[in-house]
Amino acid sequence: MNAFVNQIHYYSEADLLNIPDTPLAFLRQLRGLCVFDIQGHHTSQTRVMTTLIHGNEPSGFIALHRWLKKRRKPEVNIRVIVCNTEAAQLLPEFSHRYLNEGQDLNRFFTSATDISNKSTPKALVKTVGENATTEIGFLENTDIIHRAEQIKHAVNAVAPEAVIDLHNTSGLSPAFGVAINDKPKTLDLISLFTNKVILTGLRFGAIMEQDFSAPIVTIECGGAEQIQSHQLAYAGLSKFVSQANIFDRRARQVDIHQHPCRVELLPHVSVAFGHNHLPTADVTLRADAEQLNNQLTPAGEFIGWYGGEGRLPLTAKNEQGQEQVANMLSLENGRIFTKQSLQIFMATTDQSIATNDCLFYATFETE
């Protein structure tokens, strides 16, 4: 069974003088949880970036490698945390989302104490159950819990001014930022990378949900295989490290989409993607489902097929835990259509992600 390396490896600027020429060669040098500290012109402040929480989402790591190779002194101290080298190093590299099947590191940042002391949304309880069969089982996943705690400690240790968590979307997609509040500093951070914002109240145990006494955002840079995703990550990181004031409120016109629902398969339901209804799966979504990420999806848009009887075998809970499938989708003669105008994001044609995580997220929109 694969296991996380318990030790944290800290790297100073002296350790980074001769890093390899390619991101892949750089990754192969690393082991376990890696923390890079680069001193800035002004040492009274520190900004933090996390990347590779998911091993198949390399844009943040590629941007880090490119920036380190240029050897430019940042404006303030920078701490970069490469969270999950073990998953990224599984062959073929940058292809595995997590180290062990069903153990998504970005679902374990909410501690057992937080779970017992707070009203935990149903979505988190469900994810916990999937990862470890039961909530009690969740508490026994000591390796992954320990890694999440190590990462949180590495962030808190520098009392950061701001935290960015860089990801790639699970399918081909434009970039967007995700935040749990719309405070000016939060939107400022996102606008370093993109002007599209998803404001969410859903809770899944992600690092973005943690309280570091500093603004924190997740940046979904676009698809992992899109060159523009790597370019966007580098451009945003360059601003993040070089600007004296990242909260200057200049050019902060962002497009906010609020209250997303997470659309998932019901238990024991299978999904496939194709140009026709496939009899080998319960639900078939369009082969080009990822194209739905690119624009507003109007009411009446065809998105797939379901040949069974009764209601759609899907769930789409809002932030209050209320079921929204009937408000979002309709079934007509075995074909699935949108019932209202939706902004769909994170739609994927990756069968594993669609089955074990979700089909997509969506917000209700006014056309």
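Start your tour by selecting F193: at 8% relative accessibility, F193 counts as buried (buried means under 20% relative accessible area, exposed over 50%, and partly exposed in between, with a 1.4 Å probe and protein chains only). Before you go further, note that this is a predicted model, where local features need pLDDT of at least 70 and side-chain atom pairs count only at pLDDT 80 or more, while totals for chains, interfaces and linings use all residues. Residues are numbered from 1 along each chain as its sequence is written, and side-chain values use heavy atoms, with hydrogens and water left out.

**Stop 1: around F193**

Stay on F193, which is found in the loop between α8 (184-191) and β7. Helices (H or I, at least four residues) and strands (E, at least two) are DSSP runs, numbered from the N terminus. Now show the surroundings of F193. Which residues is F193 in contact with, leaving aside its neighbours within four places in sequence? Select I164, L166, I219, L232, A233, G236 and L237 to see them; contact here means heavy atoms within 4.5 Å. Next, add H146 and draw a distance between the two C-alpha atoms: F193 and H146 are 47 residues apart along the chain, and 30 Å separates them.

**Stop 2: the whole chain**

Zoom out and colour by secondary structure. The protein chain has 11 helices and 18 strands. Along the principal axes, its C-alpha atoms fill a box of roughly 65 × 50 × 40 Å. The radius of gyration of the protein chain is 20 Å, which agrees with the value near 21 Å for a compact globule of 367 residues. That radius is taken over C-alpha atoms, and the globule rule is 2.2 Å times the number of residues to the power 0.38.

Of the 367 residues, 57% count as buried. Among contacts between residues at least 6 apart in sequence, 75% join residues at least 24 apart. Switch on the surface, and you are looking at about 15,900 Å² of exposed area, 48% of it supplied by carbon and sulfur atoms. Such areas come from the Shrake-Rupley method with a 1.4 Å probe; for residues, only the protein chains shown count as cover.

**Stop 3: the cysteines**

Select the cysteines next. How many disulfides does a search of the whole structure find? The search finds zero, a disulfide being a pair of cysteine sulfur atoms within 2.5 Å. C221 is in no disulfide, and the nearest cysteine sulfur, that of C83, is 14 Å away. C221 is also buried, with a relative accessible area of 2%. Move to C261: the closest cysteine sulfur to its own is in C358, 12 Å away, so the two are too far apart for a bond. C261 counts as buried too, at 1% relative accessibility.

**Stop 4: backbone details**

Select L91 and P92 and look at the link between them. The peptide bond from L91 to P92 is cis, with omega near -10°. P92 sits in the loop between α3 (85-89) and α4 (112-117).

Then go to S213, in the loop between β7 (196-199) and β8 (216-223). Its phi is near 55°, a positive value in a residue other than glycine. Is S213 buried or exposed? S213 is exposed, with a relative accessible area of 70%.

Finish at H268, in the loop between β10 (261-265) and β11 (271-274). Phi of H268 is near 65°, again a positive value in a residue other than glycine. With a relative accessible area of 83%, H268 is exposed.
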